[in-house]
Amino acid sequence: MTKHTAIVIGAGVAGLATAALLGREGYDVTVVERLDSCGGRSGEETVEGYRFDTGPSWYLMPDAFDHFFGLFGKRTEDLLDLVELTPAYRLFPENAEPVDVISGREEAIALFDALSPGAGPALGDYLDSARDTYEMAVERFLYTTFSSLRPFFSRRLADLARLLTVPLDKYVAARFHDTRLRQILTYPAVFLSSHPARTPSMYHLMSHTDLVQGVKYPQGGFAAVVDALEALARDNGVSIRLNSDVTAISYDGSRATGVRLASGETIEADIVVSAADLHFTETRLLPPGKRTYPEKWFGSRDPGLGTVLLMLGTDVKLPQLAHHNLLFSEHWDDDFDAVFDGPVATRPLNSSRSIYVSMPSATDPSAAPPGGENLFVLVPVPAASEFGHGDMYNDRASAAVDAIADAAIEQIAAWCDIPDLRNHIRVRRTLGPSDFAQRYHAWSGGSIGPAHTLRQSAFLRGKNVSAKLDNLYYAGATTVPGVGVPMCLISAENVIKRLRGDRSPGPLPEEF
C-alpha cells in the first residue's frame with residue numbers, strides 16, 4: 001500500500017518531535033529546514049573550544065521527556081545522560097547574600113523558613129497546590145487539542161476560575177512577604193515569556209517543576225536533546241532536508257498540498273505541519289484568503305519576551321557561580337515594566353537589572369577548555385525585531401546590544417564577587433532580538449514565544465489546525481500548549497491526536 005506523506009516545516013524541537021511521531025504513525029515524512037543544522041532556537045555554537053547552547057538551558061518537567069520517549073518504547077536514560085543539579089540554582093539578590101536553592105519539597109520548606117521564619121508551612125501549602133494544579137494541567141489542559149471543552153468542566157471548576165483570574169504576583173504576595181521568596185516563586189513567569197502581573201496564578205504549578213521535581217542537565221547541553229530527537233526521527237524513516245527554505249504552503253482549493261521552496265522546487269504531501277513561528281506561517285507562507293490568523297489577530301496579542309544573549313568564555317574557573325544563577329534586582333517590577341511596557345526612566349536598558357546566567361561548564365567539562373568556564377547570559381529586553389543584533393552571526397553587534405552586554409558583564413562582576421571578570425574573558429559573542437527575527441522568523445523578535453497571559457493560555461492560545469486549509473497543522477512554542485521544550489514535545493503529540501480525531505484530554509498510551 002502507498003504510504004501517506006507528510007511535510008514538516010522546521011527542524012527545531014517541535015518539528016523533529018512531530019516528524020518522529022508521524023513516522024511512527026506510518027507516514028512517509030520529510031522535514032524541510034532553512035538552516036544548515038537541526039535544533040532551531042535550541043541551537044549550539046562552538047567558538048575557540050567553548051561550546052554554547054544558544055537557546056533553552058533549563059531541563060524541567062522531566063516527566064514530559066519520559067513520556068515522549070516512552071511513546072517510542074525508550075527510556076530517557078537510554079538517550080540522555082542526565083545530571084541532577086545541586087543546587088538547582090543560586091540566587092544573587094541585589095544588596096543581599098547569595099542563596100542556594102536546593103530541590104526537594106522538604107529542602108525548599110526549610111530554606112523558606114530559614115530566610116523568613118514561619119514561611120515554611122506556607123510554602124508547604126503552596127507546593128501542595130502547585131502539585132495538584134500541575135497534575136490537573138497534565139491530565140486536562142496540556143495533552144489536548146481543545147476540540148472539546150469538557151476538560152474545563154470538572155469538580156474543580158471554581159478553583160480553576162480563581163487561578164485563571166488572579167495574577168501570579170498577587171497570588172504569591174498574599175502568602176509571602178520576603179522579597180527573595182516572592183521572586184523565587186514568580187520568576188518562572190520568565191519561562192512563560194510573561195510578566196508576573198499578567199500571568200494567571202494557575203502557573204504557580206511551575207514551582208512544582210523546579211522546587212519539587214528538580215532541575216536536571218543533559219550532558220552535552222540541549223544539543224544532546226536535539227540529537228536524540230533527530231535520531232528518533234531518522235529511526236522512524238524521516239528524511240531531513242537542510243538548507244531548504246520554504247517560501248509558501250501550496251494548496252488546491254481548501255486543501256494544503258505541500259510546500260514551495262526558495263529554489264523553486266515544490267514538494268507535495270498529504271498533510272503539512274508547520275513547526276515554524278505561527279505569525280510567519282500565517283502571514284508569510286499563506287495568502288490573505290487562506291489565513292486562519294491574519295495580521296490584525298496578532299495586533300492584539302503579546303509577543304512575550306525579547307532577549308539579549310551573551311556568550312562568554314573565560315580562562316579561569318569561577319567558583320562564585322553555580323550551574324544556574326539568577327540575579328534579581330530589589331525592585332524588579334521596573335525590570336518587567338521596561339520589557340513589556342516600553343522605556344522606564346528608572347531602568348535604562350544598560351543599567352543593572354534581573355538577569356540569568358548559566359554556567360554549564362560547572363557540570364559538563366566538555367563545555368569549555370580545561371581551566372576555563374562558559375557563561376550564557378540572558379537579559380530580558382522588549383520583543384522588537386528592530387531592537388538590534390549581536391555578533392554571533394554578524395560582523396559586529398548593534399550598539400544597543402553591545403551596551404547591554406557590557407552592563408551585564410559589569411553587573412555579574414559586582415554582584416557575584418568576580419571583580420576581574422572582564423580581564424579573563426577570551427570569547428564574547430552576542431545575539432539580539434533582530435537575530436531571532438531574521439534567523440528564526442520569530443514574531444516581533446521574541447525569543448521564547450507569545451506570553452502566557454490569560455488571553456493566550458489554553459484554548460485561547462489558538463488551535464493547532466488551520467480553519468481555512470484542510471490538512472494543515474501547527475506545532476511548536478507559538479501554538480498550543482505553549483512555550484518551552486516540554487511544551488514543544490506535547491504540541492507534537494497533539495498533532496497526532498488531531499489527526500486521529502482524538503478529543504480526549506491526557507497523554508497517549510506509551511509503548512514502554
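So, the area buried between domain 1 and domain 2 comes to about 1,500 Å², where buried area is the accessible area, with a 1.4 Å probe, that two parts lose on being put together, summed over both. Carbon and sulfur atoms give 65% of that area. Keep in mind that this is a predicted model: local features need pLDDT of at least 70, side-chain atom pairs count only at pLDDT 80 or more, and totals for chains, interfaces and linings use all residues. Residues are numbered from 1 along each chain as its sequence is written, and side-chain values use heavy atoms, with hydrogens and water left out.

Which bits of the chain are these domains? Domain 1 is 5–43 + 62–80 + 222–300 + 453–500, domain 2 is 113–210, and domain 3 is 303–440; bounds like these come from an automatic or database domain assignment. The C-alpha centres of domain 1 and domain 2 are 29 Å apart.

Back to the interface. Contact here means heavy atoms within 4.5 Å, and 18 residues of domain 1 touch 16 residues of domain 2 in that sense. How many salt bridges cross the interface of domain 1 and domain 2? The rule finds 0, a salt bridge being a side-chain nitrogen of Lys or Arg within 4 Å of a carboxyl oxygen of Asp or Glu. There are, though, 7 residue pairs in polar contact between the two domains, both residues at pLDDT 80 or more. A polar contact is a pair of N or O atoms within 3.5 Å; within protein, one must be able to donate a hydrogen and the other to accept it, and residues adjacent in sequence count only if both atoms are side-chain atoms.

On the domain 1 side, helix H2 (62–70) and helix H16 (485–500) each supply at least two of the touching residues. H16 gives the most, with 6 residues. Helices (H or I, at least four residues) and strands (E, at least two) are DSSP runs, numbered from the N terminus.

Stay with H16 for a second. Arg500 in helix H16 pairs up with Glu25 in a salt bridge, with the closest N and O atoms 2.6 Å apart. Glu25 sits in the loop between helix H1 (13–24) and strand E2 (28–32), and the two partners are 475 residues apart in the chain. The whole structure has 23 salt bridges by this search.

Now some backbone oddities. Most residues other than glycine have a negative phi, and most peptide bonds are trans. Ahead of H16, the bond from Val480 to Pro481 is cis, with omega near 0°, and Pro481 is in the loop between strand E19 (472–474) and H16. Thr86 to Pro87 is a cis peptide bond too, omega near 0°, with Pro87 in the loop between strand E5 (82–84) and strand E6 (89–93). And Met61, in the loop between strand E4 (50–53) and H2, has a positive phi, near 55°.

Last, the overall build: 16 helices and 19 strands, in a C-alpha box of roughly 65 × 55 × 45 Å along the principal axes.
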